[in-house]
Structure formats: structure tokens, C-alpha cells
Amino acid sequence: MFAKVAWASRPGSGRPNEDLVLAGPSWIVVLDGATAAPGVSGGCAHDVPWLVGRLGDALAAGLSADRDPPLAEILEAAIETTMAAHSGTCDLDDPDSPSSTVAMVRAGRNGVEYLVLGDSPVVFSLAGGGVRVVSDDRVEGLPGGRPYTVELVRRMRNAPGGFWVAGSRPEAARQGLCGVVADARGVGLLTDGVSRLVEWYGWSWRDLVTALDGQGPEAVIAAVRELERRRGPVYGKRHDDATAAWTRVAPTAEWAT
């Protein structure tokens, strides 16, 4: 089981926050909805927060059920449920249909299970003092390098050789990075608005874990905002939606070390 989950989330601008955190006694989900590029409708009557909210509700239902199917199975079912909620009003075949990254963890019999789909990493503090990071960086490897064109992202989203997110392709769930960490003593879930501390501003993952555990997610997001103001972005938005969740892990008898 998890101890108390601490979390914080701030929008990056005057737009609605497209991130979401949900948690139960033994699971946590962090979602980061993809902001549509200017002039791109995505063939959908709903905005990104609608998509993120429906997907989060479906994931929470699956994670709270009595049975414990694989996390990829839960995500696949959640995508299907979300698609059904707007299939009558929206063009789900549109490649720009709204989508979201997914970071989810669940305390299991053998340790902390994880699934990461898209650029919202999960970072573990380990019993021996180390840190383990699960990061899906496929969006960083698209042809030609950044800045990406709208056409390139459209072609490579949820496609072999590209990157995968949760939207209108249930099979994307099978592309998530999945596994279990047996010796986790703490776990953090982040959107890329927070992981830029490491990716852009020179923090180590150990620095980030130490700050999450000692000062909490709100202080970590404050550090992001201060660096963004002083040093600016490496690319893209000056301020992105920023979300972090952190919990300590209470080992069960089956996998205590």
C-alpha cells in the first residue's frame, strides 16, 4: 500500500490545466493532455480536459476493481470506454484527435507495478539509496529533430517507429513501458512540465527525488517556474502545465526486503 499521496498541479498559462492526478490507497495516475496546435481541430467536439477527465475516470474504475489485471489491460479498456463516450459526435479516425500521456503505478504483491506511455516519467527511490527512472522518450527521437512540424507529429503519433499516447487507438496501451520495482521505498509521477528540471535545467534525478520527499511537489513546481523565468525554455512553451505526485511505499509482507 501507499502512504499519503502528496501532489500539486499548476497550469502553464491562462488556459485550463490539461494535467490530472488521481489516486487510491494502492494506485496513482498522472495524465498530461496534449495541447492542440493552433488551427488544428482534431475532428472532436470536446476539449482536451474533457478527454483527460473521461480517461482518468475510466482508469480509476479499472484500478479500483476487485480484480488486478495487467496495467496495460486496464489502460486499453479505459481508452475504449473513453472512445465510446464521444464516438457519436467526433471523428475518432482523425490523427489529431485529443490524446494524453499516461503514468500509472500500483502496489502489487511483488512490488510497485508501473506503466508509462508518453513523456510523463515515473521515478523510484530505492531501498538501497539509488534511484530508478522509467521514461518514455520516443517523442524525442522523431526524424529531423526539434522543432517538429504539425505534419510530422500527425504522421508519427500512434504509429510504428513514432510515439504512442492514449487517445483513439486502444492498441496504444500495449506500447507502454511496463514493469515492477521490488525494492521501491518512494515513487514520483511527473508530467514533462516538471521533468524539465532534469531535462533542461541540470538537476539530477536524485535531486528531484530528494526535493519531492523533503519539500513536496508544490516546492518542486515552484523551482520549475523560477528557472523558467530566469533561463527561459529550451524549446516550446515558456511555462507548461506542471504536475507532480509523490508517495512513500509501505512494503507488504510478500515483498518486504
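This briefing walks through two sheets, the helices packed on them, and a few single residues.

The model is predicted. One open sheet has five strands in the order β2-β3-β4-β5-β8. Another open sheet of five strands has the order β1-β10-β9-β6-β7. Pairing is antiparallel in the β2-to-β8 sheet, and it is antiparallel in the β1-to-β7 sheet. Strands of a sheet pair through backbone hydrogen bonds, either parallel or antiparallel.

**The sheet from β2 to β8**

- Five strands make up this open sheet, and they line up as β2-β3-β4-β5-β8.
- The edge strands are β2 (residues 19–24) and β8 (residues 177–181). Each has a single partner strand, so one side of each lacks a neighbour in the sheet.
- On average, neighbouring strands here are turned by 10 degrees against each other, direction ignored.
- Strand β3 covers residues 27–33. Six bridges tie β2 to β3, and the two run antiparallel.
- Within this pairing, Leu-22 sits opposite Val-29 of β3.

**Helices on the β2-to-β8 sheet**

- Helix α1 spans residues 48–64. This helix lies across β2, β3 and β4, the last of which covers residues 100–108.
- The direction of α1 is at about 165 degrees to β3.
- Helix α2, residues 71–86, also packs on the sheet. Its contacts are with β4, β5 (residues 111–117) and β8.
- Relative to β5, the direction of α2 makes an angle of about 40 degrees.

**The sheet from β1 to β7**

- This open sheet has five strands, in the order β1-β10-β9-β6-β7.
- At its edges stand β1 (residues 6–10) and β7. Each has a single partner strand, so one side of each is left without a neighbour in the sheet.
- Neighbouring strands are turned by 15 degrees against each other on average, direction ignored.
- Leu-189 has Ala-245 of β10 as its bridge partner.

**Helices on the β1-to-β7 sheet**

- Helix α5 (residues 205–214) packs on this sheet and touches β6, β7, β9 and β10. The direction of α5 makes about 75 degrees with that of β10.
- Helix α6 packs on the sheet too, touching β1 and β10. The angle between the directions of α6 and β1 is about 30 degrees.

**Strand β9 and its partners**

- Is strand β9 enclosed or open to the outside? Six of its seven residues, 184–190, are buried, so β9 is largely enclosed by the rest of the structure.
- Strand β6 (residues 122–126) pairs with β9 in the antiparallel sense, over five bridges. In this pairing, Val-123 stands opposite Gly-188 of β9.
- Five bridges also join β9 to β10 (residues 242–248), again running antiparallel. Here Val-187 faces Thr-247 of β10.

**Where α4 meets α6**

- Helix α4 covers residues 192–199, and helix α6 covers residues 217–231.
- Their axes come within 9 Å and cross at roughly 65 degrees. The two helices are therefore roughly perpendicular to each other.
- The crossing is left-handed.
- From α4, the contact uses Gly-193, Val-194, Arg-196 and Leu-197. From α6, it uses Val-220, Ile-221, Ala-223, Val-224, Leu-227 and Glu-228.
- By class, the residues of this contact are seven nonpolar, one polar and two charged.

**Single residues to find**

- Ser-195 belongs to helix α4. It is buried, with a relative accessible area of 0%.
- Which residues does Ser-195 touch, not counting residues up to four places away in sequence? They are Pro-121 and Trp-205.
- A cis peptide bond links Arg-146 to Pro-147, with omega about 0 degrees. Pro-147 lies in the loop between β7 (residues 131–134) and α3 (residues 150–156).
- Asn-158 lies in the loop between α3 and β8. Its phi is near 50 degrees, a positive value in a residue other than glycine.
- Is Asn-158 buried or exposed? Asn-158 has a relative accessible area of 8%, so it counts as buried.

Note on methods. Residues numbered from 1 in each chain as written. Predicted model: local features only at pLDDT ≥ 70, side-chain atom pairs only at ≥ 80, totals over all residues. Heavy atoms only, no water. Pairing = 2+ DSSP bridges. Helix = DSSP H or I, 4+ residues; strand = E, 2+ residues; numbered from the N terminus. Axes fitted to C-alpha atoms, helices over the stretch in contact; angles between N-to-C directions. Contact = heavy atoms within 4.5 Å. Buried < 20%, exposed > 50% of the residue type's maximum accessible area, 1.4 Å probe, protein only. Parallel < 35°, antiparallel > 145°, perpendicular 65-115°, else oblique. Left-handed = near helix turned anticlockwise from the far one by under 90°. Nonpolar A, V, L, I, M, F, W, Y, C, P; charged D, E, K, R; others polar.
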